[in-house]
Amino acid sequence: MAHAAWRYVRRNLSLVVGIVLLGLLALFVGIGHLVVDTGKSRPLSAPAIRPPSADHPFGTDRQGRDLLATMVAGTPLTLRIGFIAGFLGVGIGSILGFVSAYYRGAVDSVIRGIVDIGLTVPGLLVLIIIAVSLRKGLTVDQMALIVASLAWLNPARTVRAQVLSMRERGYVEVARLSGMSGPEIIVKELMPNLLPYLAATLVNAVSAAILASIGLEVLGLGPIDSPTLGMTLYWVNFNAALINGWWWWWLAPIVIILVVFLGLFFLTVGLDEIANPRLRRAI
Amino acid sequence: MRDLVVHYDTPLGAVKATDAVSFSLGAGERLGIAGESGSGKTTMALAILRLIRPPGRIAAGEIWLQDVDLMSLSPEAMRQVRLARIALIPQGSMNSLNPVTRIKEQILDALRDHDVRISRRQGQERVRELLESVGLRPEVADMFPHELSGGMKQRACIAIAISLRPRVIIADEPTSALDVVVQKQVMETLAKVQQDLGAAVILIGHDMGLMAQFVDRLGVMYAGKLVEISPVRDIFIGPLHPYTRMLIASLPSFEAKGTFHGIPGLLPLLRDLPPGCAFHPRCPHAFDRCQRDEPRPREIQPGSWASCHLL
Amino acid sequence: MTPLLEARGVTKIFGGGLFERASVLALENFSLPIEAERPLITAVVGESGSGKTTLARLLLGLTAPTGGHVLYQGRDLRSMSRADWRAFRRDVQVIFQDPYEVYNPFYRVDHVLTTPVAKFHLAPSRAGERALIEDVLRAVGLRPEETLGRFPHQLSGGQRQRVMVARALLLKPRLILADEPVSMVDASLRATILGSLRSINAERGISIVYITHDLATAYQISDRIIVLYRGAVAEAGDVELVVKQPRHPYTQLLLSSIPRASAERTWLTDRIGASAGRPDGESAGCRFAARCPSAMSRCREVRPPLFQTDRHRVVACYLHADAPAQPIEAP
C-alpha cells in the first residue's frame, strides 16, 4: 500500500506538492485561529509600525493592526471569495456549456455569442465598473458575486468544447438508441466522464477568482473593512510601505499569496494529469 | 534474429511481449509474420530497429544484419542503420504523414536526416524517381497528404521507406486500413520496389490471405512466441501447429458456405500466460505435457519449424 | 404485405449548402425492402465511399434522406409519432463497428444491458432483469459470471462485440442492422460472432442486414447480397449467384482483388484490367465507367438501370442490356 502510494507520488509529483502547499496553508490558518487573537486584525489593536518581534511575530502596520492576526484572519476570507466565485462560475458555466453543446441549434448560438463577446471584454474593467457603482461598503460575499459574474464564461466555453467532442461518441449514440432522453444522457453518460476535467477547471477558476479579487482590492475597490490579503496590499500601497522600508508589512501577504497560487497551480497540473491520460508518464 | 526477448515492465512485473523469437531472412526473400492482436509481432518489428521505448526493453537476443549484431551498435550507429539499411513502414503510417508539409519535403527530410548532401535539383530529381517507382505521378510531390487518397498516401510512405535503398523493408500492416482493390495496388507496388532494390521484405499482419499470396515464408506468432515458421505453401497445404491449423480454418472462404469456425476461448493476456504451452487451453489436442512444458521450436521438416509437443 | 423496413428511392446528398462548395452524393435512388415474414440475412457490400454507412444511418433514422423515403411498417420515419418511434426502436436494433467506442468507460458493461431493460420496461423486477440479461448473454456464447461486473477495458474486443449482440437481442427485435460488426475483431473470434448472427437469424427469425466490405464473410453468412459502388447498386441478388458468377465488372474486380488464403498463388499476377484511381466529379453515366475495362459510350451518358439477368439477380450494367430492365427495386 505504502509502496503504491510512493510510486504515485513519483508519478504525479505536482498533485502531491499542490496538496502539501495548500495543506500547510490550512494548518497555518487553523492553528493560527487557535493561537492568535483575530481581533487584533482590527486597527488600533497594537502599536503602529513595529517590525517583527516576540509580541508581534509579523510586525504591525500603520493603523495598528497586528499583521499575524491579519494574515490568519484574512487568508480564509480571500480564499472564500475564490471558492464561492470559482464554484459559482464553474457551476453555472458547465450547465450552460452542457446545454449549449448537447442541444446545439439556436440555444448554442445564443450562449456561444454571449460567451465569445464576454470573453473579449476586458474582465478587470467590467469588475471595476461594477465595483465602483456599488459605492456603499462591499462585503466579502458581495465581492465573490461580482467576480462570479464573469467567472462562468471560461468554464462555459471549455466545457462546451469537451462536450461537443464527447457527444459524437459511440456510447452516446447507443444510449440514445436505448431510449435515454437528452438531459439523462447529459447527466448519466457525459458528466461522469467529465468529472476529472471539471475538477481541474474548478481549481483554475478558483485561482482566477482569487487573482481577480486581489486585483480589485489592491485598487481599493474591495471590502474596506475586511483584512483580506488584497486589502492589506492596498494599505501597503496607500502608505507607501515599500519606500518607507516597512518590509514586514508587504512580505507576509506576498508570501502567503505566493503559496496560495503555487499550491493551486501544482494542484491544477496534478489534476490535469489525471484528467488527461495522455499526459501520464510511465514510471 | 536469435532468441529475441522483449519485456514490458509493468507494476505487476515484467511482461514478455516476445519470447525467444528466432528466424532468418535471406536476401530478396519475403517473410511474413502473422498473428492476432497481442501476439507480439509489432513489438518484434520495433525491436529489430531498436525502437522499443520504456516501459519496454529488449531483455535478450541478437539481431544480425549480415555480419553486424545490431544489439551491439551505438545509438548513433543504429540511427544510421535505420532507413539506410533497414526501413520500416510502421502501422498507420499513412496517418502519420505530416499534414502541413508537402510530400517532397517529407521525402527530402528523410534523406537529409541521413546526411545525404544533394543539390536542390538532384533532390527534386530523386523525389521524382522515387514517386515514379511507386507509381505516383510527379505532381504528387507538391501535394499535401490530405489531398491524397489512402492508397496514395501509403505508397508515399513506401517511397520514403525506400529512399535510401535499404536492404530490408519491414512493412507493419501496410494495408489494413485500405480497401481491397487499393490493397492490391499497394502490395503490387511493394513487390515491384522490392524487386528493383533486391531487398528483403518482412510483412507483418493478420490477414492470412494476404500472406498466402505475397510472402515466400510465413511465421505465425501466438502470445509472443513464434509457433510455426515454414515456406508459405507448406503452411497452407499442411499446417503443423494446431493454432495455425485452426486459424486457417477460421477464415471465411469462397468455396462453400458454413465452413468457417472460430477458435474457442480467448487470446491470452501476455501478463497472465497459461503454464506450459500458451495455446493449450484452447487446443483440442492438448494433453498433460502441454500444461507443464513449454514446447521449443524444432525442425519438423526441412525448412519447417514448429513448437508443439504433438510433433 | 408491408415490409418491416423499407428504403424507397432514397437519395442522400451531403454538403452543397450555401457556404460549401462541393456536395457529395452518398447514396442515389436506393431501394431495399426488408420483409418480416421471411427473415433473411441481407449483406450490403461496399468499399469506403460506397454509401453503406450512410445507408445504415438512414435505415436507423439517425439521418434523413435528401430524396425518397425510409418507411417503417409503411410509415415514413419523418412523420412518425412518439409511440411509433418507440416501436421502431424496439423492432430495429443495431450493432456498431467499433467495440471500444460504444462503451462508456465510466460504467461497467452491465450498464449497456440494464439501460434498455429499464427504459423499455422489459422486466418487472431486479431478478427478472438479471434473468433476462443472463439469458441473452448465454445466447451469444458468453458466460455471465465472466462478463457481468467487468469494465469494458477488461474484456476483449470480441467479447465486447458479443455483449453488443446480446444487447440487441434484449428487445426481441425483428431486424438487426450490423454495421461492420467484426472488422475490428480478431480473425479467430470473427467466426464465432458471425455464427451467432446466423443462429439468431435461424432460431429466432430475426432478419439481419449485414453491412461490410468483406465479401468473404458476406458470402458465408448471407442469403442475398447487394454490392454498392459509390452510392449506387452495381449488382444484387442471391449470394451464390453474385459471388460465384459475378456479372458486373466491379463485382468481378472486387472478387479478384481479394487475396485467398490458399496454396495457389494467382493474386499478384492476375490482371483484371480495371484501372485504379479516384475518378472525380459526378458524371452522368455509370459510376464505374471511368475505371471499367468494358466501358462503352452509352455507359458514360446515362445511368444503367438494373437488368434482371437471372431469376434472383440484377446487374446495373449495359453489358447485360439484353435482359429485362427493372425500374428501381432490388429483389
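**Exercise 1. Find the backbone oxygen that the side chain of C:Arg313 reaches, and describe the surroundings of C:Arg313.**

Step 1. The side chain of C:Arg313 reaches the backbone oxygen of C:Gln245 at 2.9 Å. A polar contact is a pair of N or O atoms within 3.5 Å; within protein, one must be able to donate a hydrogen and the other to accept it, and residues adjacent in sequence count only if both atoms are side-chain atoms.

Step 2. A polar contact of 3.3 Å also links the side chains of C:Arg313 and C:Thr309.

Step 3. C:Arg313 belongs to strand β12 (residues 313-315) of chain C. Helices (H or I, at least four residues) and strands (E, at least two) are DSSP runs, numbered from the N terminus.

Step 4. C:Arg313 counts as buried because its relative accessibility is 0%. Buried means under 20% relative accessible area, exposed over 50%, partly exposed in between (1.4 Å probe, protein chains only).

Step 5. Leaving aside neighbours within four places in sequence, the residues in contact with C:Arg313 include C:Glu235, C:Leu241, C:Gln245 and C:Phe307. Contact means heavy atoms within 4.5 Å.

The model is predicted: local features need pLDDT of at least 70, side-chain atom pairs count only at pLDDT 80 or more, and totals for chains, interfaces and linings use all residues. Residues are numbered from 1 along each chain as its sequence is written, chains are lettered from A and ligands numbered from 1 in the order in which they are written, and side-chain values use heavy atoms, with hydrogens and water left out.

**Exercise 2. Describe how domain 1 and domain 2 of chain C meet.**

Step 1. Domain 1 of chain C covers 43-63 + 82-222, and domain 2 covers 230-258 + 276-331. Such bounds come from an automatic or database domain assignment.

Step 2. The centres of the two domains, taken over C-alpha atoms, are 32 Å apart. Eight residues of domain 1 and ten residues of domain 2 take part in the contact.

Step 3. About 780 Å² is buried between the domains, with 66% from carbon and sulfur atoms. Buried area is the accessible area (1.4 Å probe) that two parts lose on being put together, summed over both. C:Glu47, C:Leu215 and C:Tyr219 supply 68% of the area that domain 1 buries against domain 2, more than any other three residues.

Step 4. Between the domains there are zero salt bridges. A salt bridge is a side-chain nitrogen of Lys or Arg within 4 Å of a carboxyl oxygen of Asp or Glu. Four residue pairs are in polar contact (both at pLDDT 80 or more). Helix α8 (residues 215-221) of chain C gives the most to the side of domain 1 that touches domain 2, with three residues.

**Exercise 3. Describe the interface of chain B and chain C.**

Step 1. Chain B brings 49 residues to the contact and chain C brings 46 residues.

Step 2. The two chains bury about 3,700 Å² between them, 57% of it on carbon and sulfur atoms. B:Gln213, B:Phe254 and B:Lys257 supply 25% of the area that chain B buries against chain C, more than any other three residues.

Step 3. One salt bridge crosses this interface. The side chains of C:Arg265 and B:Asp216 meet in a salt bridge at 3.8 Å, N to O. In addition, 17 residue pairs between the chains are in polar contact (both at pLDDT 80 or more).

Step 4. On the side of chain B that touches chain C, α6(B) gives the most, with eight residues.
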